[in-house]
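Biologist: I'm new to this one, so could you walk me through it? Let's put it on screen and start with the ligand.

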Amino acid sequence: MSRIRVLSDHLANQIAAGEVVERPASVAKELVENSIDAGARRVEVTIEAGGRRLLRVVDDGSGMTRDDAVLAFERHATSKISTTEDLAAIHTLGFRGEALASIASVARVELLTCTAEDAEATRVQIEGGRLRDVAPAAHPRGTTFVMRDLFFNVPARRKFLRSEATESFHLTNLVTHYALAHPEIEFVLTNNGREILRASPAQDLRERAYQIFGAEFVGNLLAIEGGHPALVRVRGFTSAPRERRTSADAQYLFVNGRFIRDRLVRRALSEGYRSVLPHGVYPAALLFLEVPFEEVDVNVHPAKTEVRFRRAAAIADAVRESIRAALARAGFVRDVESYVDGKPPEDLIEDDASSASVALDIPTSNITNETLARDEQSSDSLSSSASSSFNPRPQPDAQQTHIGFNAPVADDEPFAYSLALDKIDDVKTETANTPTSTDADDNARDALRRNAYASSIAQSSDSQTSDVQASDSPTSALPQFDSASHLAREVEVATLSSNIRPLGQLDESFIIATDDEGLLLIDQHVAHERILFDKYRRMEATRAPDSQNLLLPETFDLTPAQATAFDHVQAELEAYGYRLMRLSGRTIAIAAVPADLPASEARNLLTEVLETIDAERRGQARASLRDRIAASLACRAAVKINTPLSTEKMQWLIDRVLTTSSPTTCPHGRPVILRITVKDIWKGFHRT
Ligand code: ADP
Ligand code: MG
């Protein structure tokens with residue numbers, strides 16, 4: 001007897017659903033794409049319980065006739081392609097004809113639809129792939145698709161759904177993407193009865209970005225316009241180097257209007273920022289690639305979020321070049337040949353992606369200062385940035401930052417606080433000693449702070465040039481262990497005595513000290529980070545946060561995705577001393593910040609927490625979320641490297657770090673103390 005059999009349609013649909021329907025957001029993606037393909041001018045998305053209980057998409061598109069409404073749920077039923085040739089040049093978002101069949105096989109679905117010609121609308125009800133009812137109904141032109149109880153008949157899949165917060169985050173992100181891709185369409189997103197996003201029809205991408213992200217974000221964007229006529233057009237916006245993100249969450253990538261995830265494009269984007277942004281720091285970008293249909297294969301994965309470019313390396317080059325050119329136009333890097341309207345440079349055509357980048361390399365060692373200086377100048381004419389760490393001058397709406405800074409604090413560790421203050425003061429004395437410093441002073445001071453901060457991000461021991469080296473030397477990704485590494489070792493806690501005396505500071509970043517066993521090198525930033533981390537964790541445990549009030553609350557516009565994250569982390573942030581208020585819509589106010597945290601870092605930290613608490617972590621236990629916030633706080637508040645310290649401060653740091661829960665490692669797992677033993681020193685001099 002034959003053992004092979006053809007699967008039933010229902011089973012085939014459920015199998016397809018495994019790929020198409022990963023989570024509520026992937027259902028929303030298919031439905032929103034269908035609405036856009038149907039020529040909708042308005043798309044309204046409503047969700048409940050993270051889309052698991054309810055997901056409704058209402059559009060005013062073409063609608064379907066009664067026959068089509070039933071047929072639409074058949075597997076491989078599509079109105080968008082009909083021949084093999086069509087497959088080679090897909091210009092709609094959908095084309096596989098399997099989305100509705102897949103969704104209907106794993107949920108309870110109701111479709112209401114009406115075309116302009118039909119007098120009467122149609123209602124189709126399907127549950128777990130079974131057609132329940134087809135009946136006349138009332139509905140204006142367009143389509144309403146309601147999905148309830150996702151995976152009600154596939155318990156194994158239901159288990160894999162994340163928390164409501166995670167799923168809401170993905171849904172918000174998805175709608176944000178499509179709203180950006182289609183400024184002409186009105187989008188509304190409502191979550192559990194609360195309006196998360198409303199964007200009326202906009203003129204262009206800039207206006208749409210303004211509706212979604214607010215004036216501050218848009219004010220900092222540089223226009224991208226580049227590419228090569230026959231290959232790819234690159235347009236959109238990218239952020240000035242001041243805008244620094246700790247994740248790639250704020251990068252929105254589209255190919256022919258389709259939102260995609262693509263490592264190649266993402267990497268090319270980062271490469272465009274080489275020498276102006278250190279590793280591990282991401283720009284925000286809205287990047288639209290328009291590629292001739294035959295140059296790109298969108299039929300790579302059922303979810304259609306991956307694409308394959310025929311000439312991938314050349315696309316990457318074009319992206320990097322366009323970014324570079326945008327940065328050059330704004331004066332952030334030295335001008336490069338852009339090939340917007342000409343031919344690509346020859347080496348670009350011939351070389352592969354990796355060697356092509358060499359041809360575009362910019363000598364960086366002497367451009368950096370110039371770049372920084374230009375960055376400073378142009379920052380004067382631009383408005384302040386939410387996540388800029390380096391905004392030199394109090395912007396009109398950021399005055400209170402500095403007021404907050406001077407607010408008296410009742411702190412059991414006044415030293416810790418004054419360390420944070422002093423790092424600013426120390427830098428100030430290097431530039432100007434006047435209390436009313438000029439713009440130039442501010443700029444110079446800021447450049448110094450920027451250097452210090454960039455170095456601390458790059459985490460390189462070579463503090464002066466770490467920013468440049470980290471991003472430019474091809475080997476910088478590898479830890480630079482030299483021959484001395486066997487000499488200086490990480491320290492075991494058990495071997496630490498309280499008898500540690502500081503001798504001085506190396507590179508204004510590392511404390512040199514001695515103890516009974518030899519010489520110690522202490523990373524001042526991570527040592528302070530460990531001290532503060534423990535303090536914040538204690539604070540959180542005792543529920544007695546230490547705050548400093550800002551005289552005037554600082555307001556802050558959240559993106560829709562951030563607003564979703566905010567609801568989730570507000571209580572946690574308040575446990576550490578933040579006091580936050582939700583004003584209208586997506587605007588929040590910071591009324592108080594944690595003690596120790598320089599008020600100028602308050603916004604940055606908030607952005608960082610909202611962005612790095614990424615989707616999956618959101619689903620994690622509260623405890624690990626708290627640890628992450630405490631670690632971010634500690635890092636932001638800790639004394640930076642490249643900061644001179646007095647002997648008393650060094651001693652204070654050493655004494656305090658010894659009493660922490662883990663004196664030898666920082667909250668991110670890096671070593672705090674290295675030791676060179678007397679024995680090794682004797683050995684080194686061949687005296688044993
Ligand atoms: P695909 O989008 O790949 O064609 P789907 O399963 O998503 O496949 O949809 C099947 C068909 O149903 C589409 O080709 C389209 O004709 C029709 N359809 C789906 N959603 C809508 C809608 N919102 N408005 C009008 N027609 C729609
Ligand atoms: Mg579709």
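Biologist: Which residues are the closest to ligand 1?

Modeller: Keep in mind that this is a predicted model. Ligand 1 is surrounded by 19 residues. By type, that shell splits into seven nonpolar, eight polar and four charged residues. The closest ones are Asn 34, Thr 78, Ser 79, Lys 80 and Gly 97.

Biologist: How far is an oxygen atom of ligand 1 from an N or O atom in the side chain of Ser 79?

Modeller: Let's go through some polar contacts, which here means N or O pairs within 3.5 Å. The backbone of Phe 95 has a polar atom 2.9 Å from a ligand 1 oxygen, and a polar side-chain atom of Asn 34 sits 2.8 Å from an oxygen of the ligand. For the side chain of Ser 79, the distance is 2.5 Å.

Biologist: And how much of the accessible area of ligand 1 does the protein cover?

Modeller: Taken on its own, ligand 1 has 520 Å² of accessible area. The share of this that the protein covers is 92%.

Biologist: Moving on to strands 3, 4 and 5: which residue takes a positive phi in the hairpin of strand 4 and strand 5?

Modeller: Strand 3 (residues 108–114) pairs antiparallel with strand 4 (residues 121–127) through six bridges, and their hairpin has six residues between the strands. Strand 4 also pairs antiparallel with strand 5 (residues 130–137), over seven bridges, with Ile 126 opposite Leu 131. That second hairpin has just two residues between its strands. The one with a positive phi, near 50°, is Gly 128.

Biologist: There's also an open sheet of five strands; what is its order?

Modeller: Start from the edges: strand 9 (221–228) and strand 12 (258–259) each pair on one side only. Inside the sheet, strand 10 (residues 232–239) and strand 13 (residues 285–290) run antiparallel, joined by six bridges. The pairing overall is mixed, and the order is 9-10-13-11-12.

Biologist: Which helix lies across strand 9, strand 10 and strand 13?

Modeller: Two helices are worth a look here. Helix 10 (residues 263–272) lies across strands 10, 11 and 13, at about 125° to strand 11. The helix you're asking about spans residues 312–329 and runs at about 140° to strand 9. That's helix 11.

Biologist: Last one: which residue stands opposite Gln 505?

Modeller: Look at strand 17 (residues 501–506) and strand 18 (residues 510–515), which pair antiparallel over five bridges. Their hairpin has three residues between the strands, and Asp 507 takes a positive phi near 60° there. Opposite Gln 505, in strand 18, stands Ile 511.

Methods:
Residues numbered from 1 in each chain as written. Chains lettered and ligands numbered in written order. Predicted model: local features only at pLDDT ≥ 70, side-chain atom pairs only at ≥ 80, totals over all residues. Heavy atoms only, no water. Pairing = 2+ DSSP bridges. Helix = DSSP H or I, 4+ residues; strand = E, 2+ residues; numbered from the N terminus. Contact = heavy atoms within 4.5 Å. Axes fitted to C-alpha atoms, helices over the stretch in contact; angles between N-to-C directions. Near = heavy atom within 4 Å. Polar contact = N/O pair within 3.5 Å; in protein donor to acceptor, adjacent residues only side chain to side chain. Areas by Shrake-Rupley, 256 points an atom, 1.4 Å probe, with all protein chains shown as cover. Nonpolar A, V, L, I, M, F, W, Y, C, P; charged D, E, K, R; others polar.
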